[in-house]
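Work through the exercises below with the model open. Try each task before reading its solution.

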Amino acid sequence: MKQRGKPEHAGTAPVRLWIACCALAGYAVWAQGGTLPALQPPLLLLGAWVFATLLFHLRGRILIVLRRDPLFWLGLLFLLLLVIQTWNAGRHLYFHPFEARWMFTPPPVPYLPWSFDRSESFQMLYWFAPAWALALALRHAPDRKRTGRVLLYFVMINGILLAVAGMVQWMAGTPFLFRHTRPAFRLFYATFAYRNHAGAYLVLVLAAVLGFLSYQIRWRHRAGMAVRAPVIWGTGFGGIVLVTAIHTSLSRAAILLSWVLIAWFLAALVVGRIGRGRVGRLQVGLVLALVLFITSIWVIILGGDAFRTRTQSLHTWAHQVENRQWQWETAVRIWQDHPVWGVGGWGYRHLLPYYVDEAFARSAGDPGKANVHNDALQFLAEFGGVGLALLLGALVVTGAGFVRAWQSAREQPASAVFTMVFAGLLLVGLHSLIDLPFRNPAVLYTVVILLVAVPAAWSNLRAS
């Protein structure tokens, strides 16, 4: 006999949503991070599947639930901006005979948001529409706690599998996963076409793994249980795999951030009073032994030459970061000329030659001139003040939920998850000020999952 007010087969609704969300997040990671245009259409289809599954669950409560969610309206307005920019595309370069200079034709509708190329601008919809659907699904899932846990576990397991693939590929010395697409590409790692994208993704996964490991240690410590639990050893081994993969990726930023995370993890254990008493000292000693083991593995795998080369190149890397200042200044100047709507997705690279001296740009020594290497400034230049305000509004909404859930779990072992995930998000956010991690769908979706799924899964979580 069916229960009143409860739809038939309601128990299958969370499972359907889990499958859809995991399929989206997993495809983005294994399809070259979602950055190759030829592999992007399934992102939109999977995002539509996630959103349709959510609507099927909400049914008659769709308007009641979604209209009260500011994230729904912020995301909808931002996607509307992207749709108009994509529709109003088509600015072509031509030589003006009377002014004797190269110019762009005006957009089809001059007073609306526009972009240079429709296919390029459409990539922004591939990136952001699924992220919006994923965030809404995690905020309004039938069973938010279980859905959050499933997605968090999926992120950790999927990230560890990718790390293993990256190390196997690194040891093989060939980009076998790129054989049919970019066989000569040198900056690959695992499925990612850019090692810094892979490094940022692995840092986020490492933050989740260390947070879960810290939670398990604190929970067992509070319950007076021994640390010899299979889940702790398995999670610790997963952390070793991730840190080793980060180092084999040769992403200097990710290597530094991984060690900051490890230091943060140890400090959180000490501040959490895990290190007091004989059992506590044993636990911290175990963690320190794992850290030393990680270091040994890295030195053995990479060897002295690789270690010395990457260490000695840190000062060169700092010099490269300084050389990117001209790109940041160019993005600001582009935005100042187009302050409201911006210049459309990938519009920065179309206008770059007209804002800097060509000889200077050629001698700047940065191969990634199509990007600003500062995500916030590139979003500002391409989406304008309106677009960036909508993105920041969505970040504030999800971030406020994260902070509230963190406060509710302050005196519980679950606070360790929030601490480490916050550290990972903060570090990758800082990295985005000198690079472009958020111009990668896999990284973008992982950030959404950590921001939304962790509060759903771990707030008010009691040891049981």
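The exercises that follow concern a predicted model.

**Exercise 1. The chain as a whole**

Task: Find how many helices and strands the protein chain has, and what share of its residues is buried.

Solution:
- Start with secondary structure. The protein chain comes to 17 helices and two strands.
- Next, take burial. Of the 464 residues, 55% count as buried.
- Then look at the contacts between residues at least 6 apart in sequence. Among these, 76% join residues at least 24 apart.
- Finish with the surface. About 21,200 Å² is exposed, and carbon and sulfur atoms supply 66% of that area.

**Exercise 2. The largest nonpolar core**

Task: Identify the residues with the most contacts inside the largest nonpolar core.

Solution:
- The largest nonpolar core has 130 residues.
- Those with the most contacts inside it are Phe-128, Leu-202, Leu-261, Phe-383, Val-454 and Trp-458.
- Helix H7 (residues 195–222) gives the most to this core, with 17 residues.
- Now take Val-454. Leaving aside neighbours within four places in sequence, its contacts are Leu-152, Phe-402, Val-417, Phe-418, Val-421, Ile-449 and Ser-459.

**Exercise 3. Two helices**

Task: Compare the end-to-end reach of H4 with the expected value, then do so for H8.

Solution:
- H4 covers residues 70–87, 18 residues in total. From first C-alpha to last it reaches 26 Å, close to the 26 Å expected at 1.5 Å a residue.
- At the start of H4, a side-chain oxygen of Asp-69 comes within 3.0 Å of the backbone nitrogen of Leu-71.
- Buried residues of H4 include Leu-71, Phe-72, Phe-78 and Gln-85. Their cover includes helix H3 (62–66), helix H5 (118–139) and helix H15 (375–408).
- H8 (residues 230–248) has 19 residues, which should span 27 Å. Its end C-alpha atoms are 27 Å apart, so the span agrees.
- H8 is mostly covered, with 14 of its 19 residues buried.

**Exercise 4. Positive phi outside glycine**

Task: Locate Ala-190 and Leu-250, and decide whether each is buried or exposed.

Solution:
- Ala-190 has a positive phi of about 55°, although it is not a glycine. Its place is in the loop between helix H6 (144–172) and H7.
- Ala-190 has 1% relative accessibility, so it counts as buried.
- Leu-250 also is not a glycine, and its phi is positive, near 60°. Leu-250 lies in the loop between H8 and helix H9 (252–271).
- The relative accessible area of Leu-250 is 19%. The cut-off for buried is under 20%, so Leu-250 is buried.

**Exercise 5. Two cysteines**

Task: Explain why Cys-22 forms no bond with Cys-21.

Solution:
- A disulfide is a covalent bond between the sulfur atoms of two cysteines.
- The cut-off here is a pair of cysteine sulfur atoms within 2.5 Å.
- The sulfur of Cys-22 is 6.9 Å from the closest cysteine sulfur, in Cys-21, so the two are too far apart for a bond.
- The count for the model comes to zero disulfides. Cys-21 is accordingly in no disulfide.
- Check burial too. Cys-21 is buried at 0% relative accessible area, and Cys-22 counts as buried at 15%.

**Exercise 6. A threonine in a helix**

Task: Place Thr-419 and list what it touches.

Solution:
- Thr-419 is found in helix H16 (residues 415–431).
- Its relative accessible area is 18%, so Thr-419 is buried.
- Not counting residues up to four places away in sequence, Thr-419 touches Trp-264, Ala-268 and Trp-406.

Technical notes. Residues are numbered from 1 along each chain as its sequence is written. This is a predicted model: local features need pLDDT of at least 70, side-chain atom pairs count only at pLDDT 80 or more; totals for chains, interfaces and linings use all residues. Side-chain values use heavy atoms; hydrogens and water are left out. A nonpolar core is a set of buried Ala, Val, Leu, Ile, Met, Phe, Trp, Tyr and Cys residues joined through side-chain atoms within 4.5 Å. Buried means under 20% relative accessible area, exposed over 50%, partly exposed in between (1.4 Å probe, protein chains only). Helices (H or I, at least four residues) and strands (E, at least two) are DSSP runs, numbered from the N terminus. Contact means heavy atoms within 4.5 Å. The expected span of a helix is 1.5 Å times one less than its number of residues. A polar contact is a pair of N or O atoms within 3.5 Å; within protein, one must be able to donate a hydrogen and the other to accept it, and residues adjacent in sequence count only if both atoms are side-chain atoms. Accessible areas come from the Shrake-Rupley method with a 1.4 Å probe; for residues, only the protein chains shown count as cover.
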